[in-house]
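Trainee: Could you take a close look at one part of this structure with me, the sheet, and then show me what else is worth seeing in the chain?

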Amino acid sequence: MTLAPDIIELTARARADLRMGVPVIIGSSLVLAAETLSDKRLKALQIAGMPLALAITDWRARTLKARAYDTDLARIVVPSDAPVDWIAAIADPADDLNAPMKGPLQTLRDGNADDARLAIQLAKDARLLPAVVVAHLDAPVDYAAQHSLTLLDADALACVSATVSPLHPLVSARLPLEVSEAGRLHVFRPEDGGEEHYAIEIGMPSRSEPVLTRLHSACFTGDLLGSLKCDCGPQLRGALAQMGSEGQGVLLYLNQEGRGIGLANKMRAYSLQDQGFDTVEANHRLGFEDDERDFRIGAGILKSMGFSRVKLLTNNPAKLAMLAANGLEVVERVPLKVGETRHNTAYLATKAAKSGHLL
Ligand SMILES: Nc1nc2c(ncn2[C@@H]2O[C@H](COP(=O)(O)OP(=O)(O)OP(=O)(O)O)[C@@H](O)[C@H]2O)c(=O)[nH]1
Ligand SMILES: [Zn+2]
């Protein structure tokens, strides 16, 4: 066996590189995350005379009125003397309303957008804004060696991106809870170096009967701080209380903060909500889908714990559909209507109107 990292390990390394502002090479493109691009590195690329494009998603392009010739993304031509602030202002909508004139922006129609598309996904996976600076390289392998950069084969990366990393049970221990003394916490670790996820098992639910289940996505603000902007904290505690009173159940605590965009981006979304945008519009202005979570993860954990039939505590029809599509039988939806406050009425109404949440 070789000691060299494989594509999964290289991808994990590349996520860390992007977060640190270090370039990576995908296929034949040099890639930097717009959010972490330093003035120094941008100047180095400009001095080398490399034509640069800033790839953004079509959601962000719509706000900026930039033509997205690549359907789901747009490659904006970066002027050869553009300062780093120009790139930051296109990537980050924080100042859209204060300084609306960013254009007209010229977007590329020719050439291949595949590397840029993979790079945007990698930036999302690194919980960064979905905006990347790309430059074409004639000799990517040599360039990577000369500059000690992580080099990812585009086809192999596409495979990794399309697959859910297997999650392995790491450890479990007894955890007496207020709602039930018969609690047990299981930790699952993915093979790809990504976030760990947890399962809280209450009682000894039979594997051959439908189990009362909740798929809960992490919400630092709601779960821990008692935020009134969402209903997550009361839903978390309400679900556990119901499992406690029934004597059994399983709650998956999935580390997909902010519907999968991470806490920093969720706070960017909150800041846009303070400017008058709703929860869905805010995600779109940032360049994200309204929901970036992958519920296949939850399905995988339930199956690996031996469950095949669930009574799901949720108001979100997407969760029902994803579990069913991934081999779990949802025998019943149990509504979870708790935690409405005057601060989250509009948020809950938007989820009902735009994301199909059941009332
Ligand atoms: N991006 C974004 N995420 C938010 C916002 N408000 C809450 N969240 C996140 O939304 C997620 C809520 O997840 P869930 O509790 O599974 O809720 P749900 O998908 O509405 O489904 P149910 O609660 O099961 O009906 C958490 O990850 C929160 O951090 C917001 O305004 N923007
Ligand atoms: Zn929340």
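Mentor: Sure, let's begin with one pair of strands: β2, residues 29-33, runs antiparallel to β5, residues 131-136, and 5 bridges join the two. To find your place in that pair, look for S29, which sits opposite H136 of β5. Keep in mind that this is a predicted model.

Now zoom out a little. β2 and β5 belong to an open sheet of 6 strands, and if you walk across it you meet β4, β3, β5, β2, β1 and β6, in that order, with mixed pairing. The two ends of that walk are β4 (73-78) and β6 (150-152); each has a single partner strand, so one side of each has no neighbour in the sheet. As you step from one strand to the next, the twist averages 30 degrees.

Next, move along the chain. The unreviewed UniProt entry marks residues 172-335 as "domain: GTP cyclohydrolase II". That span is 38% helix and 25% strand, and the C-alpha atoms at its two ends are 29 Å apart.

Finally, have a look at ligand 1. It has 22 residues around it, and the closest are S217, C219, T314, N315 and N316. Several elements chip in with at least two shell residues each: the strand β10 (211-217) and the helices α9 (232-246), α10 (257-260), α11 (263-274) and α12 (279-286). Of these, α10 gives the largest share, 3 residues. Sort the shell by class and you get 11 polar, 6 nonpolar and 5 charged residues.

Note on methods. Residues are numbered from 1 along each chain as its sequence is written. Chains are lettered from A and ligands numbered from 1 in the order in which they are written. This is a predicted model: local features need pLDDT of at least 70, side-chain atom pairs count only at pLDDT 80 or more; totals for chains, interfaces and linings use all residues. UniProt positions are given in the numbering used here, feature names are shortened, and annotations may be inferred rather than shown by experiment. Helices (H or I, at least four residues) and strands (E, at least two) are DSSP runs, numbered from the N terminus. A residue is near a molecule or strand if its C-beta atom, placed from the backbone, lies within 6 Å of it. Ala, Val, Leu, Ile, Met, Phe, Trp, Tyr, Cys and Pro count as nonpolar, Asp, Glu, Lys and Arg as charged, and the others, Gly among them, as polar. Two strands pair if DSSP finds at least two bridges between them. Axes are lines fitted to C-alpha atoms, for helices over the stretch in contact, and angles run from 0 to 180 degrees between N-to-C directions.
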